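Trainee: Could you take me through one part of this model in detail, the sheet and the helices that pack around it?

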Amino acid sequence: MEVLRPTLIRIGGRIYRKNHIREKAHQHEEEEEEFYAGLGDGADEPCDAFVIEETERGYRCAIDVPSPLYKYIIGKKGETKKRLETDTRTSISIPKPGMEGEIVITGQRRNGVISARTRIDVLVESFRKKQPFTHFLSFALNQPAIQEKFLQFKKEVLEKCSNDCGVSSSLFQNPAKLHMTIGTLVLLNEQEIQKAQELLQKCKEEFADAIAGGKPLTVEVAGIEYMNDDPAMMDVLYAKVTMKNGSNQLQLIADRLVDRFVTSGLMLKEWDRVKLHATVMNTLFRKDPTADEQSNTTTGKFFKGRESFDGRNIMKLFENFYFGDVQLNSVCLSQRFSTDSSGYYATSGQLTFS
């Protein structure tokens, strides 16, 4: 990190700077101590993003924080919480581990309560980014005809390219879980899942129905491409997904969904545009069949020991492979590491076009 270009954290429409602190190779329980030390004094922050109540004894502010993040506010041996309380002259009440509830800040000085709230918001937002994603927005591409063509693709690749370095049956996606990812989310309790469900419905009303015209989108899954620069050392091979009528309807819906979820704070923006693709081969599957293409980037850490494969012959022989046409009628709020009765990911909610 450069001193003149520190990390910026966006919370409730405001942008905060994370000051540079010397990095140490510790676990999260100790990381929050360093992070807290880098927070500037927020006593003079204007209170325009949350409610401060005046009570008989002073001031009070309640925060909804998912229980998995409590430990980052408490800190190792309670040190972070103690320092927050001392620096801001407030008292911070946190529910017991495993119990959902509000974190309550009380204090005699309004500015102190505002400062504590701001610092907790920054802590929560920073450590939320370190959590592995739990859900993702997806289009299911596992219709029977697509699965059949995918299995044909797998069979032919193994027949013609199995002698190429690193190519094996373990690289291929589970056909029942073929999908296109729009974006990933970290939803840490039922309230956040419900918020995502409600936002999906708002997206349907605000733009999805108008773009789709109230009917399914017909797309073509055809042609393959790879993620990295060297076809001799591939990690991810994917099928391309395009609108059958040549329009940009699918791209518009995907991009608008990401923008809406990013604005709500439920999703981090990773790219300017959603890449419309369906992973068909991934070296992560070699060791973990339940892995997914987002696993290596979401938490900011890269998997070590991935064994790449030589995909040059695959590209030469199957560059224009046709997987089929499919009608997309819904966007799913899919649960990571789950399976429903059809073999696809379990769904927490969905947006339908018709």
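Mentor: What follows is a close look at that sheet, its strand pairing and its helices.

This is a predicted model, and within it four strands form an open sheet in the order β11-β10-β9-β12, with antiparallel pairing. The edge strands, each pairing on one side only, are β11 (277-282) and β12 (322-328), and from one strand to the next the twist averages 30°. Looking at one pair more closely, strand β10 (residues 236-243) runs antiparallel to β11 and is joined to β11 by five bridges; Tyr-238, for instance, has Thr-279 in β11 as its bridge partner.

Helix α5 (residues 144-161) packs on this sheet, where α5 touches β9 (217-226), β10, β11 and β12, and the direction of α5 makes about 160° with that of β12. Helix α7, by contrast, lies across β9, β10 and β12, and runs at about 85° to β9.

Helix α7 (residues 249-264) also meets helix α6 (residues 190-212): their axes come within 10 Å and cross at roughly 145°, and the crossing of α6 and α7 is right-handed. On the α6 side the contact includes Leu-199, Leu-200, Cys-203, Glu-206, Phe-207 and Ile-211, while on the α7 side Leu-252, Ile-253, Arg-256, Leu-257, Arg-260 and Phe-261 are among the residues they meet. Taken over the whole contact of α6 with α7, the residues divide into 12 nonpolar, two polar and five charged. Helix α7 can thus be followed from its contact with α6 to the strands β9, β10 and β12 that α7 lies across.

How values were computed
Residues numbered from 1 in each chain as written. Predicted model: local features only at pLDDT ≥ 70, side-chain atom pairs only at ≥ 80, totals over all residues. Heavy atoms only, no water. Axes fitted to C-alpha atoms, helices over the stretch in contact; angles between N-to-C directions. Helix = DSSP H or I, 4+ residues; strand = E, 2+ residues; numbered from the N terminus. Left-handed = near helix turned anticlockwise from the far one by under 90°. Contact = heavy atoms within 4.5 Å. Nonpolar A, V, L, I, M, F, W, Y, C, P; charged D, E, K, R; others polar. Pairing = 2+ DSSP bridges.
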